[in-house]
Amino acid sequence: PAPAAPAPAPAAPAPAPAAPAPPAGGERLFPNVQALVDMGFGVEAASLAIGYGGSLEGALDWLEARPDGKPLPGEAAPDAGDGAGGDGDGGDGDGDGYEDDGAEGGGGASGLSLAERKARVQRLIAEKKAAKAAEEKEAAKARELARREAGQRAAEAEAARAAAAKEVERRERQRDAQAAAKRKLIARLQVVQDQLERAKASGHADKVAELEAKIAALQGGHEHHAASGKFDPAAWQARLERAMGVLSKLDGERGRTAMATVKALVSNAMDPAKGGAGEEAGAKFRRVKADKPALRSRVTDVPGGRPLLMAAGWAAEFSAEAEAAGVSGAAAVDAFVFGGAPLTAEQAARLGRAAIEAIDAALAK
C-alpha cells in the first residue's frame, strides 16, 4: 500500500486587521471618524480608535491612553463588526471606516447632525481637559503639601538635634564647672584643717571654734558635690550633728536663732496645709532664694547654719550661669529647695523630721 500523505501544515495565525486606507475617489469617512479627523487625529488613528472604542466617547478614551494612535503591545484586535459605524452613527457598519457617496451620514440613528456631533465631541474634550487639569492641580497641591510637611519634619528633627547637642554641651560645661568647684572646695578644706591643727596645738580656743565652724560649712558644700543617688542616713545624721555642734558653740543667740529659723523653714515645707499642699500651692514654702536678707542674716551667713539647713533636707540649687563661669561655693547658689537633688521628697521629709527633733532637744537646754 502507498504511504499515507503527510498531515497539512497548521494554518498561520490571521493577521491583525489593518487600518482602513485613506479615502479615495468617491468615498468619504463615517461621521465619527470624520469628527476625530476634524479634531486633528489622523485617519488611521481615528478609524482604529472608533474600532476599539465603539463610540466617540470610547474612541476618545482609547486615544487619550494612546497618544500615538497605535494599539498597545499585545492588545487584542477589535471585532470585525466594531468598525467605524460604531453606535449607529451612519453608514453601513461594515467596519471599514467609510461610507458610500450616496449615504447621507449627517444624522444617523442618533438624530444628530455632523456639526452637532462635532460640538458634542468638542464639549467632551473640553470636559476631559478640565477634569485632567483639575486632577493635575490637586496632584500638584498634594505634592507641594507633602514637600512642605517633609520640610517641616526635617526642620523639627534638625531643631531637636541642635537642642539635644546644646543640652549635652550645657551638661558637660556644668559637669566641668562642678568638678572644678569640688577641687577648689577640697583644697580649701585641707587648708582650713591644717590651720585647725595648728590652732589646737597653740591652745587658741576661739580660733579653734572659728575654724571648726568653717570646716563644717566647707564639709557641707563638699558633701553636696559628692552626693549621689544613694541615700546614706548615717552620713546625713553625721552632718546634722556636726552643724548642731558648731551652732551650739556660738556666743549669744546667733546659734539658737539659726536653729529656730531652720526648724520653721522645715516645718513650713512639710506642713500639709503649706509646702506639702501640692506643686503650685506649696512651691513658695519649698523653695527659698539664697540672697534673701533674712535667710542670710539668720542662717546661711552664720557658721554652721548652711550645713544645718542642708542636713535638714534642703538642697542648694546652683545657678547654671555661675557654674558655667566657674564660680563655686556660696556665690553659685541661687536658691535652697526642700527635697531638691540629690534628695527625693521622702528622703527630705525623713531628714526634716530628724532635724526638728534635734533642734527641739537643743533649744530645750
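This short talk walks through two helix pairs and two nonpolar cores in the structure above. Hi everyone, and please keep in mind that what we have here is a predicted model.

Let me start toward the N terminus, with helix 1, residues 31-38. Which of its residues are buried? They are P31, N32, V33, A35 and L36. Just after helix 1 comes G40, and this glycine has a positive phi of about 110°.

Next, the first helix pair I'd like to show you. Two packed helices are described by the angle between their axes and the distance between the axes. For helix 2, residues 43-53, and helix 3, residues 56-65, the axes come within 7 Å and the crossing angle is roughly 115°. Helix 2 is therefore roughly perpendicular to helix 3. The crossing itself is right-handed. If you want to follow the contact on screen, look on helix 2 for A45, L48, A49, I50, Y52 and G53. Their partners on helix 3 are L56, G58, A59, W62 and L63. By class, this contact has nine nonpolar residues, two polar ones and no charged ones.

Now let's move along to the second pair, helix 7, residues 254-270, and helix 9, residues 293-300. How far apart are their axes, and at what angle do the helices pack? The axes are 8 Å apart, and the angle is about 125°. An angle of 65 to 115 degrees would count as roughly perpendicular, so helix 7 and helix 9 are oblique to each other. Helix 7 brings T257, A258, T261, V262 and L265 to the contact, while helix 9 brings L295, R298 and V299. Here the classes come out as five nonpolar, two polar and one charged.

That takes us nicely to the cores. The largest nonpolar core has 31 residues, and the members touching the most others are V262, V266, L308, L309, W314 and F336. Several elements each supply at least two residues, including helix 6, helix 9, helix 10, strand 4, strand 5 and helix 12. Which helix gives the most to this core? That would be helix 7, with six residues.

L309 is a good place to zoom in. Leaving out residues up to four places away in sequence, L309 touches V262, L265, V299, W314 and F336. Of these, V262 and L265 belong to the helix 7 side of the contact we just saw, and V299 to the helix 9 side.

Finally, apart from the largest core lies another one, of 16 residues. Among its members are L29, I50, A59 and L63. You'll remember I50 from helix 2, meeting helix 3 with its A59 and L63. Thanks for listening!

How values were computed:
Residues are numbered from 1 along each chain as its sequence is written. This is a predicted model: local features need pLDDT of at least 70, side-chain atom pairs count only at pLDDT 80 or more; totals for chains, interfaces and linings use all residues. Side-chain values use heavy atoms; hydrogens and water are left out. Axes are lines fitted to C-alpha atoms, for helices over the stretch in contact, and angles run from 0 to 180 degrees between N-to-C directions. Helices (H or I, at least four residues) and strands (E, at least two) are DSSP runs, numbered from the N terminus. Angles under 35 degrees count as roughly parallel, over 145 as roughly antiparallel, 65 to 115 as roughly perpendicular and the rest as oblique. Contact means heavy atoms within 4.5 Å. Ala, Val, Leu, Ile, Met, Phe, Trp, Tyr, Cys and Pro count as nonpolar, Asp, Glu, Lys and Arg as charged, and the others, Gly among them, as polar. A crossing is left-handed if the near helix is turned anticlockwise from the far one by less than a right angle, and right-handed if clockwise. Buried means under 20% relative accessible area, exposed over 50%, partly exposed in between (1.4 Å probe, protein chains only). A nonpolar core is a set of buried Ala, Val, Leu, Ile, Met, Phe, Trp, Tyr and Cys residues joined through side-chain atoms within 4.5 Å.
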